[in-house]
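This briefing concerns the structure shown below. It takes up model confidence, domains, sheets and the surroundings of the ligand in turn.

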Amino acid sequence: MPGSPTVALDVRPLSGALGAEVRGVQLAELTDEVFAELHRLLLRYLVIVITGQQGLPPEAHVAFGRRFGEVELHPYLPRLDGHQEIVIIDSERGGKVDVWHTDMTFHASPPLASILQLVQCPGQGGDTMWTNQYLVYESLSAPVRDMLDGLTAIHAIRKTGFESRAEHPVVRVHPETGRRSLYVNRLFTSHIVQLSRNESDALLQFLFEFSTSPAFTCRYRWRTGDVAMWDNRVTQHYAVNDYTEPRRGQRVTVLGDHPAGNPPRWDPYQPAPGERYWPAQVNAMEQY
Ligand SMILES: O=C(O)CCC(=O)C(=O)O
């Protein structure tokens, strides 16, 4: 993987870092050959936008997700009536996610992929951006990569009625490509287990900033009906909040595996007696 094409599709890269637009596919009539090619393109480009899917029946959206694995029932986002596997991302209902993140890393097994269709676009703006976390990792210097390879981080969420927390390697190995990528994000990563509070805050701040350098990103201008799918194991995303008209998306999320990486090389950090340790700002999540 990614391997060679199984069928020739009209593929247009979005940037030099990641992302591709795929034209001429109808997800409602997906053959095994086209599915195999979309899977290959996802592993190669990390984000694929399948254009022109207006009128995609919700059943076909869910069925596309099921081709990749089990589809999740989201613990707290609003769901589409009659289709519990589809969550609604609606700007009029708080669905403006303008913080860089990887979906649901607070789970022990975060999603493999998310498949978002925009069913209503604002007249201007409302683009989505993504990062290539392989490239982020590979662009760090060898000593920093070496240290990060031996660390784990806590990812957490705390909302009214829902809490979850998981520990993941700071560098994960992709289960299909075997490549390493940086696996922390501003929305859910609270702290690095083996470091002092100050060290963890400073290192995470650097990694959050570095990850979103323009050279590691792509950006997509939506048209109504487009379906974007991202490999949630190796990307972050950000919904640009530069619009006032309503924007509405419907998302199917495919369950993933337990992130693999090196075991931690150090014990958890032991604060000295009286040392202020717990991160003051758990993460950026509380407002979402
Ligand atoms: O609205 C978007 O473009 C992205 C939404 C989002 O952040 C998500 O589905 O996790």
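The chain has a mean pLDDT of 94, with 95% of its residues at 70 or more. Residues 284–288 fall below a pLDDT of 50, and this stretch makes 8 contacts in the model beyond near neighbours in sequence. The structure is a predicted model, and its chain is divided into domain 1 (10–123 + 217–254) and domain 2 (144–211).

**Domain arrangement**

- The centres of domain 1 and domain 2, taken over C-alpha atoms, are separated by 23 Å.
- Contact between the two domains involves 14 residues of domain 1 and 20 residues of domain 2.
- On the side of domain 1 that touches domain 2, the residues comprise 8 nonpolar, 5 polar and 1 charged.

**The eight-stranded sheet**

- An open sheet of 8 strands has the order 1-2-3-14-6-16-5-4, and its pairing is mixed.
- Strand 1 (10–13) and strand 4 (79–80) are the edge strands, each pairing on one side only.
- Strand 5 (residues 83–90) runs antiparallel to strand 16, and 5 bridges join the two.
- Opposite isoleucine 86 stands valine 252, a residue of strand 16.
- Helix 1 (residues 32–45) lies across strand 1, strand 2 (20–23), strand 3 (47–50) and strand 14 (227–231). The helix runs at about 135° to strand 3.

**The three-stranded sheet**

- A further open sheet consists of 3 strands in the order 9-8-12, with antiparallel pairing.
- Its edge strands are strand 9 (162–169) and strand 12 (189–192), each of which pairs on one side only.
- From one strand to the next, the twist in this sheet averages 20°.
- Strand 8 (residues 152–159) pairs with strand 9 over 8 bridges in the antiparallel sense.
- Serine 164 in strand 9 is the bridge partner of isoleucine 157.

**Surroundings of the ligand**

- The ligand is surrounded by Ile89, Val97, Asp103, Ser114, Leu116, Thr128, His237, Ala239, Gly249 and Arg251.
- By class, the residues of this shell are 4 nonpolar, 4 polar and 2 charged.
- At least two shell residues come from each of strand 6 (113–120), strand 15 (235–239) and strand 16 (248–254).
- Strand 16 thus appears in two settings: it supplies residues to the ligand shell, and it is joined to strand 5 in the antiparallel sense.
- Strand 6 likewise contributes to the shell and has a place in the order of the eight-stranded sheet, between strand 14 and strand 16.

Notes
Residues numbered from 1 in each chain as written. Predicted model: local features only at pLDDT ≥ 70, side-chain atom pairs only at ≥ 80, totals over all residues. Near = placed C-beta within 6 Å. Helix = DSSP H or I, 4+ residues; strand = E, 2+ residues; numbered from the N terminus. Nonpolar A, V, L, I, M, F, W, Y, C, P; charged D, E, K, R; others polar. Domains from an automatic or database assignment. Contact = placed C-beta atoms within 7 Å. pLDDT = per-residue confidence, 0-100. Pairing = 2+ DSSP bridges. Axes fitted to C-alpha atoms, helices over the stretch in contact; angles between N-to-C directions.
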